[in-house]
Amino acid sequence: MVSIDVPVFYQEWATRSGGVIDAAAGVGPDTLEDARLAYRKFFQDSFPVPDGVTFDSVDADGVAAECATPADAVPGRHLVYLHGGAYLAGDPQGYRGLVGDLARRLRARVLVPHYRLAPEAVFPAPIEDAVTAYRWLLEEGAEPHNVVLAGDSAGGAMAVSALAAARDQGLPMPAASIAISPWANLEHTGATMFTLDGVDPSVNRAGLSRAADIVLGGAPRNNPLASPVFADTRGLPPVLIQTGAHEVMLSDAVRLAAKLAEDSVPLRLDVAPGMGHVWHLLAAHLPAADKAVADAVAFAEEHLPAAVAEEIVEGLARPQPSRLSI
């Protein structure tokens, strides 16, 4: 196991993120490609892939993606994971550590779309790719009640907004959604955007505002696909929001929870004292991170069918009725 000094990790993460934002804005010493590769390598070096999980590249109806499969996967059980990176960086390869851990704990196949990034593709491109990947999974035979959608940071926001878009396109909803440290309001008006600016160890309001200008491509900051605190969330499945008490995004995550509650979406909001952005990454290094990952998995299991594997095995053992088309 890689030894991680938590403050040093967050400092380095902030540096890597700042380098990506600079490169995306056309300033700084690195090309955007180099900044993204450095961001990926930092994640790969920090979070090795757990044993017992394999990764395969897939084409999700034109969206590049990876599928992580644990050795003891429950047949039919799926997680769609939307990675973070401020819509500017991040990819399935860099997230193999966290995704592999989730796959192993949940015993689910995990589909990780490599959605298009800004500035090459601005909003609503990431949402379109997330919905396309989810639709592809259903067309491949996944049952919606056996699927959970999750994500962190930018992906945490999309864990809500992409489902609103999928609902509007007539797609059935998955069993549940998990939004980790969601970047839920690109207007950045929450109180903690000011009170915790400089306390949050990984991101700050100025950096987020610069990133928002790049990823929106001229779209308003209150665009509901970019800022789900403004979205119509009626009809969405149960949502778990997990956020750290030291995040500048905290107030806007709470505001997202309030919006979901107002729209009668079953909701659970967990605020972890003293934790920074996506502290889940530090599982095996922080007890609070292990608890957060375990809580997310328990929430998913609570809403997934029980004994999926046994039901399928029993079904295969029984004679199947003939099908008649009329």
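**Exercise 1.** Determine which residue forms a salt bridge with Arg 210, and where the two partners lie in the chain.

*Solution.* Arg 210 pairs with Asp 22, their closest N and O atoms being 2.9 Å apart, where a salt bridge is a side-chain nitrogen of Lys or Arg within 4 Å of a carboxyl oxygen of Asp or Glu. The pair links distant parts of the chain, since Arg 210 belongs to helix H7 (residues 205–216) and Asp 22 to helix H1 (residues 6–24), 188 residues apart; helices (H or I, at least four residues) and strands (E, at least two) are DSSP runs, numbered from the N terminus. This is a predicted model, in which local features need pLDDT of at least 70 and side-chain atom pairs count only at pLDDT 80 or more, while totals for chains, interfaces and linings use all residues. Residues are numbered from 1 along each chain as its sequence is written, and side-chain values use heavy atoms, with hydrogens and water left out.

**Exercise 2.** Establish how helix H3 is tied to helix H9 by a salt bridge.

*Solution.* The side chains of Arg 105 and Asp 290 meet at 3.3 Å, N to O. Arg 105 lies in helix H3 and Asp 290 in helix H9, so the salt bridge joins parts that are 185 residues apart in sequence. Both residues also belong to a network of salt bridges with Asp 101 and Arg 104.

**Exercise 3.** Check the span of helix H9 (residues 287–303).

*Solution.* At 1.5 Å a residue, the 17 residues should span 24 Å, the expected span being 1.5 Å times one less than the number of residues. The end C-alpha atoms are 25 Å apart, which agrees.
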